[in-house]
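Colleague: I'm new to this one and would like to go through it with you. Could you put it up on the screen?

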2 protein chains.
Amino acid sequence: MTRPTIYDVARESGFSIKTVSRVINGAPNVRRETVARVQAAIDLLQYHPDPAAQRLGGGKLPTVGVVVDSIDDPFFAQVVAVIEGRAMDVGMDVLVASTGMDESRMRTQIQRLARRGVAGLVVAPFGDERRVAEALPDEVPVVVIDRKCGVTDKDVVRVTDEEGAVEAVRHLAARGHRRIGFLGKTSAFTTLTDRYVGYEKALAEAGLEVDPRIVETRAWSADEGYPHALAMLATADAPTAVFAASPMMGLAILRAQQRLHRQDIAVVIFGDHPAADLMTPPTTVVDQRPTALAEAAFDLLSRRIQDPDAEVLDMVMPTMLLARGSGELAPRSLP
Amino acid sequence: MTRPTIYDVARESGFSIKTVSRVINGAPNVRRETVARVQAAIDLLQYHPDPAAQRLGGGKLPTVGVVVDSIDDPFFAQVVAVIEGRAMDVGMDVLVASTGMDESRMRTQIQRLARRGVAGLVVAPFGDERRVAEALPDEVPVVVIDRKCGVTDKDVVRVTDEEGAVEAVRHLAARGHRRIGFLGKTSAFTTLTDRYVGYEKALAEAGLEVDPRIVETRAWSADEGYPHALAMLATADAPTAVFAASPMMGLAILRAQQRLHRQDIAVVIFGDHPAADLMTPPTTVVDQRPTALAEAAFDLLSRRIQDPDAEVLDMVMPTMLLARGSGELAPRSLP
DNA sequence: AGGCGCTATGACAGCGCTGTCAACACCCCG
DNA sequence: CGGGGTGTTGACAGCGCTGTCATAGCGCCT
């Protein structure tokens with residue numbers, strides 16, 4: 001009536017629970033025929049090991065934990081979706097936790113998952129180098145995604161933030177824009193700072209100078225960014241093009257554009273958006289390719305779970321500029 | 001060095017492990033002073049109970065499982081995000097699993113989570129009544145969300161699908177449209193059928209007849225729906241307005257509109273979208289209010305975990321028409 | 001004084017696994 | 001033919017909790 005246990009399988013197969021355990025875990029030194037007989041009993045009884053017991057007995061939970069800013073951010077939603085799919089393929093479950101960009105909450109969440117005994121953790125951390133290093137546990141495999149945050153003793157998968165930003169701004173400059181605004185943030189974590197650095201580089205490359213009046217580096221959420229975007233577009237010498245350094249800032253600039261009926265301003269956003277192709281004009285973006293990033297993160301985590309002493313990797317995945325239209329706009333002719 | 005256990009707390013506080021256990025679980029019949037002393041020891045040692053051990057000892061895991069079609073669907077992403085937030089508030093974790101709209105995978109995922117010993121499950125099921133009933137476990141509290149699927153022995157939280165559809169179509173009819181198309185599906189689960197029923201009702205109410213040439217009821221994904229949407233808009237007597245019965249179908253119709261430069265066609269979509277306000281024109285939607293739905297689901301689940309014999313509830317939450325523009329378009333004057 | 005019914009606490013046996021260590025074949029070698 | 005592997009299996013003690021049942025102390029009744 002109740003779920004079968006390892007004892008039931010042992011009885012059914014005629015071997016001891018230890019041998020059954022060996023079969024379950026694919027341990028070496030079990031005769032082929034024994035494996036087959038035990039497996040037959042497992043199938044017959046529809047036995048599935050109890051993860052809690054496995055954990056308590058000395059193993060890890062067949063589970064990976066994912067800690068991200070927020071689960072309904074399209075970027076992270078995709079990351080979680082991919083990891084969940086991959087985890088399912090290998091019989092693991094996925095625990096999700098969000099930080100809401102609150103540092104103490106990030107700590108709590110990470111600790112909770114680590115304590116729970118997950119086999120591995122995928123974390124998008126933030127905050128200053130030292131505190132991030134403190135927050136990441138050493139006793140469980142961790143892969144850091146999206147931002148390095150100065151982490152050197154863990155595997156990292158991130159994208160070419162600086163190069164992506166360069167490409168975006170270069171794209172605008174190549175179309176004749178000479179007043180290119182920046183909307184983003186330059187603290188919290190390196191990812192964002194790198195994008196600003198890319199912006200500066202591309203400007204320099206085009207022989208342009210940074211004009212602080214069209215650079216906004218303090219906003220984080222779409223709601224925070226919106227008034228700044230409005231202000232930037234409303235000034236006398238408004239930019240003819242804007243580089244939004246995150247999808248949130250992308251929403252902010254698009255809303256501001258719409259509000260002011262200034263769809264003529266060229267825009268490139270760092271980070272793709274599911275409906276970007278439906279905008280008017282369709283939005284040109286630097287795609288972070290969350291799917292590829294998540295796949296790589298999962299692979300790296302599997303690798304580290306298997307071999308805790310593997311060399312620490314810092315993977316930097318290329319971004320991809322998707323020119324859809326909003327970046328093609330020429331600077332509007334001045335009166 | 002190693003994590004403190006209940007024995008450490010017992011030793012530190014001078015009570016037995018059982019009393020510590022009582023304090024942890026807020027059991028009755030423990031003296032106030034005892035609670036305080038034990039709590040002090042817990043705080044001092046930074047003790048946290050091991051969920052796996054709690055589970056094995058006879059309890060449930062402090063975890064809720066969420067099973068949805070796909071985690072990166074904006075609707076479900078929001079649902080997961082809300083549940084995760086609420087769970088965190090009460091010290092629970094969240095396991096996510098996706099079905100990919102595959103029935104056997106749905107079964108597998110549900111069973112896996114149930115086996116894992118979660119305290120409760122939130123499931124968006126699909127498929128025919130009998131098989132859904134079979135797939136949902138009885139030994140763990142389950143709350144069904146978004147679709148009833150004929151479930152009668154579990155709590156359900158869903159929205160007013162039929163009424164929402166009626167409202168959407170009525171909105172279009174009120175603006176003079178007499179050829180209103182339908183894009184959606186009428187099988188898989190009641191939710192979708194109900195929306196079609198609402199469509200029919202609203203048409204009848206407006207004295208209009210269903211024209212099968214502008215009704216498409218077989219598409220599910222955006223990719224499947226797109227060619228159908230194209231075909232519908234391209235015919236000689238194309239509709240002047242379309243009701244898309246799901247966000248996916250919404251994307252399909254919007255893409256088709258864009259492709260054919262037919263932004264003049266009025267559109268109402270069932271289900272809101274994060275960037276709907278940025279479309280041209282901004283998209284009018286029937287908001288399913290995923291946040292409210294998820295809150296209700298979590299409340300219902302907590303209630304059932306506490307009292308497994310509580311009365312079974314079928315909550316139907318009201319939808320909300322958000323008139324943004326695309327539904328306001330008048331029928332284009334015929335040549 | 002004896003008995004009853006509380007409340008507060010503890011001893012102890014599992015829960016279903018895995019790790020450790022031992023046992024028992026066999027085999028090869030000298 | 002004995003010593004020392006190697007391959008295969010099992011006995012058993014935990015892992016860190018919770019459930020059950022026992023125990024002790026106390027107030028109150030008869």
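Colleague: Which residues is H171(B) in contact with, leaving aside its neighbours within four places in sequence?

Modeller: Bearing in mind that this is a predicted model, H171(B) is in contact with V268(B), T284(B), L321(B), A323(B), G327(B) and E328(B), once its neighbours within four places in sequence are left aside. With E328(B) there is also a polar contact of 2.8 Å, which joins the two side chains.

Colleague: And is H171(B) buried or exposed?

Modeller: H171(B) counts as buried, because its relative accessibility is 9% and the cut-off for buried is under 20%.

Colleague: Where in chain B is H171(B) found?

Modeller: H171(B) is found in helix α8 of chain B, and this helix, which covers residues 161-174, packs on a sheet, where it touches β6, β8, β9, β10 and β12 of chain B. The direction of helix α8 makes about 170° with that of β9(B).

Colleague: What's the order of the strands in that sheet?

Modeller: The sheet is an open one of six strands in chain B, in the order β7-β6-β8-β9-β10-β12, and its pairing is mixed. Its edge strands are β7 (215-216) and β12 (320-322), each of which pairs on one side only.

Colleague: How many bridges join β6 to β8?

Modeller: Four bridges join strand β6, residues 180-183, to strand β8, residues 241-244, and these two strands of chain B run parallel. As one example of a bridge partner, L183(B) has A244(B) in β8(B).

Colleague: Changing topic, how can chain B be laid on chain A?

Modeller: A turn of 180° with a shift of 0.0 Å along the axis lays chain B on chain A with an RMSD of 0.1 Å. That is the relation of a two-fold axis. The same surface serves both copies, since 100% of the contact residues of chain B recur in chain A.

Colleague: What about the DNA, which residues come nearest to strand C?

Modeller: There are 25 residues around DNA strand C, and of these K18(A), S21(A), Y47(A), T19(B) and T34(B) come nearest. The side chain of K18(A) has an N or O atom 2.6 Å from a base nitrogen of the strand, whereas S21(A) places a polar side-chain atom 2.4 Å from a phosphate oxygen, and for Y47(A) the distance from a polar side-chain atom to a phosphate oxygen is 2.6 Å.

Colleague: Which helices supply at least two residues each to the surface near strand C?

Modeller: Those are α1 (6-13), α2 (17-24) and α4 (51-56) of chain A, together with α2 (17-24) of chain B. On the DNA side, 62% of the atoms of strand C within 4 Å of the protein belong to sugar or phosphate, and the rest to bases.

Terms used: Residues are numbered from 1 along each chain as its sequence is written. Chains are lettered from A and ligands numbered from 1 in the order in which they are written. This is a predicted model: local features need pLDDT of at least 70, side-chain atom pairs count only at pLDDT 80 or more; totals for chains, interfaces and linings use all residues. Side-chain values use heavy atoms; hydrogens and water are left out. Two strands pair if DSSP finds at least two bridges between them. Contact means heavy atoms within 4.5 Å. Axes are lines fitted to C-alpha atoms, for helices over the stretch in contact, and angles run from 0 to 180 degrees between N-to-C directions. Buried means under 20% relative accessible area, exposed over 50%, partly exposed in between (1.4 Å probe, protein chains only). A polar contact is a pair of N or O atoms within 3.5 Å; within protein, one must be able to donate a hydrogen and the other to accept it, and residues adjacent in sequence count only if both atoms are side-chain atoms. Copies are superposed by least squares on the C-alpha atoms of residues with pLDDT of at least 70 in both. A residue is near a molecule or strand if one of its heavy atoms lies within 4 Å of it.
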